[in-house]
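Grab a coffee and open the viewer. Here are a few exercises, each with a worked solution.

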Amino acid sequence: MEKFGKSQSFKRSEDVRFLTGHGRYVDDIAPDGALHAILLRSPVAHATITTLDVSEAREAPGVHLVLTVDDLLAAGMDVRMDGAVLTNRDGSKAADPERPMLARGKLRHVGEPVALVVAETIDQARDAAELIELDYDELPAHVELAPGGETIHPEAPDNRAFDWGMGDEAATAAAFEAAARTVRLEVGDNRVIVNAMEGRGCYAEWDGARIHVAFNGQGVWDMKSELAHAMGLDEGAVRITNPDVGGGFGMKAASYPEYFCVAQAARVLGRPVRWMSERTEGMLSDHAGRDLVTMAELAFDADNRITGYRIHTICNLGAYNSGFGQPIQTQLFSKVLTGTYDIPAACMRVEGIYTNTTQVDAYRGAGRPEAIYVLERVMDRAARELGLDPSELRRINFIKDFPYTTPTGETYDVGDFPRVLDHAIADADVAGFAARRAESEAQGKLRGLGLCFYIESILGDPAEDVKVAFTEDGGATIYVGTQSNGQGHETVFAKFLSDQTGIPFEKIGFVQGDSDLIARGGGTGGSRSVTTQANVTLACVNQMVEGFSTFLAEEMSVDAGAVAFDDERFRAEGSNLTPTMLEVADMARAKGREDLLTWAARDRIEARSYPNGAHFAEVEIDRETGVAEVVKYTVVDDFGNLINPMLAEGQVHGGVAQGLGQALCERVVFDEDGQLLSATFMDYAMPRADDVPFIRFDVEPVPSTGNPMGMKGCGEAGTVGALAAVSNAVQDALWPLGVKQVDMPFTPMRLWNLMQGAPMAAE
């Protein structure tokens, strides 16, 4: 049967619930009578704890419990948070210091949780926290992105967590020695705070035998196993749920100390306990994004073909290893190290540094935006130094033949990068840019055009689960292993099931984020959801068709092989019976065939998909004020086959907006003592509506061969392309003034200072 026709845009069904105030977010649905928890957090970046006395707080009005790390240990809990750890270039293991759920002996960053206070009301909990006596001997803070300084962990005396590498160093060195030209550029990638619309939160309840924790994360199964281990429980005694989630962006993918502490408080008290982060609290404790500096070098032959590429990155981990902190700027960065270019030799070295700051982890794209940003910035610099049009240099070096294996071991299955670029050049009206630049100059403004050609490697668990159950009311429910954080899963996956089965969309229920109802799942991250979930749903539909065909063969008095399904009805030659899938389910129920009413599948995609595309940004800079405005933005993406183009476009718009935020205004600032100076929206600039232009979006699909649907993930692509496109546009605007180096964020003060110091500024 034909599985995929022309994709159609379809409005999100869940938006009615969200826009009318009927979303079920974690702070809305905590059990009645739940006690309130707050965290006492470290006021300093680095210190040795000398006194932690909670006795007065425990006697305060309304207080039911105060927990310190000693209380967790006394209860037999394993207080060590999980964190992935690398192998160094020399084969040794990277540093793996303990990250305790509550501070243990030392304070290592402002905002580190020290004690949990549980009371009848939130105000009583706050008042009690002020009664806790926390004394300490302050130590010098290490906030520089470099080895050295006061030791944060004895396991890393120079504060270097790892020294990791990949690629062929010898072949790359030989390419540079033989090069006709080389280009190098140091690229900074500023730290950002994720600032999801909904802050982190959770509640927990204990019934005497089982613990239930609801938290606003990006999946339930990792948390289930981690909590079971930490609390010494069998996994069957743990239920984890994710209700509606108001944005995740990678920041909510990992587990956090608060969830474990709230769970233990509920177990101790036998009453539900709830916690919700406030905005400044989140800025001090949520995992941050980016924060790295890279020296990038390209080697070219006489025909302007790249012969070698090498980078040396220094990245900030914060005070501890977070869930995915070590792999992001190393293993994940390496997935797209050489981008869309045919580079025969490449290598990378990455040093991870501990600092007395909040942990750095996944943020929309997780390593891929950082890699493409570096590569596309140095490609832009190379085009200028080689005297080539940026598009032409890319054409010369595009990968032409597929499948193609990169120097870091990724195998791109398909691609047509020149066709995508041609489409983007036309949509962006690059030919008309000179006239637009002249118009800007006539108004006293500088105008620049920037190109980024990106590719992304879809990450995460390649396997996924699904269950479809036919309900007594004549409908069906799909249970999925991914977790929506606002992407529209409720619409996308129900619509996909409807398209493949003929079950009316409005008769399909949707369930996600409940470890009691869904046996396994990979959660959401790395743009994996649409490919993995659609793939396993397709496998489940095939099982349903086969099982129902066998059942109907008896009803129709034909061989099972004679029954066919055309995406709407079952048919068999010689039989007038042409039931829909829902009608077959009703027939099966009437005959007591309960085995035909619930179907489950688990399937795996063996190959990754590689979405790619071209972003063109045009920026105007006011010479008098330094204000930069993105005035024109064009995207052409290759997402392969799409289920719902409108939702894909929405994902791109959101990703571009986050990229524009980092490029134009977002920047985390710590002082020399490790105090966060940008801890409120008065001091941390988020992009506003007038910072985001109309975004022209189009697609040039080359279906993936890595999955039967031909799809490529799209959730992070907008951010992956936006950073370099805007930065290259700013560089293009300032290059005629002699400004050779620009770094995000392009704030008015930074650009004004650059223009005042420009070699041609006084002319």
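**Exercise 1: two packed helices**

Work out how helix 10 and helix 11 sit against each other.

Step 1: helix 10 (residues 368-386) packs on helix 11 (residues 390-397) at an angle of about 110°, and their axes are 9 Å apart. Helices here are DSSP runs of H or I with at least four residues, strands are E runs of at least two, and both are numbered from the N terminus. Axes are lines fitted to C-alpha atoms, for helices over the stretch in contact, with angles running from 0 to 180 degrees between N-to-C directions.

Step 2: the pair is therefore roughly perpendicular, a label for 65 to 115 degrees.

Step 3: on the helix 10 side, the contact (heavy atoms within 4.5 Å) uses Glu-376, Met-379, Asp-380, Ala-382, Ala-383 and Leu-386, while helix 11 brings Pro-390, Leu-393 and Arg-394.

Step 4: sort those residues and you get 6 nonpolar, no polar and 3 charged. Ala, Val, Leu, Ile, Met, Phe, Trp, Tyr, Cys and Pro count as nonpolar, Asp, Glu, Lys and Arg as charged, and the others, Gly among them, as polar.

A word on the model: it is predicted, with local features needing pLDDT of at least 70 and side-chain atom pairs pLDDT 80 or more, while totals for chains, interfaces and linings use all residues. Residues are numbered from 1 along each chain as its sequence is written, and side-chain values use heavy atoms, leaving out hydrogens and water.

**Exercise 2: an open sheet**

Trace the strand order, then find the edges.

Step 1: the 7 strands of this open sheet run 3-5-1-12-9-10-11, with mixed pairing. Two strands pair if DSSP finds at least two bridges between them.

Step 2: strand 3 (63-67) and strand 11 (238-241) each have a single partner strand, so one side of each lacks a neighbour in the sheet.

Step 3: on average, neighbouring strands are turned by 20° against each other, direction ignored.

Step 4: strand 10 (residues 211-215) runs parallel to strand 11, joined by 4 bridges, and Val-213 stands opposite Ile-240.

Step 5: helix 6 (residues 221-231) lies across strand 10 and strand 11, at about 145° to strand 11.

**Exercise 3: cysteines**

How many disulfides are there?

Step 1: count pairs of cysteine sulfur atoms within 2.5 Å; the total is 0.

Step 2: for Cys-452, the nearest cysteine sulfur belongs to Cys-714, 17 Å away.

Step 3: Cys-452 is buried (under 20% relative accessible area, 1.4 Å probe, protein chains only), with a value of 0%.

Definitions and conventions: Angles under 35 degrees count as roughly parallel, over 145 as roughly antiparallel, 65 to 115 as roughly perpendicular and the rest as oblique. Buried means under 20% relative accessible area, exposed over 50%, partly exposed in between (1.4 Å probe, protein chains only).
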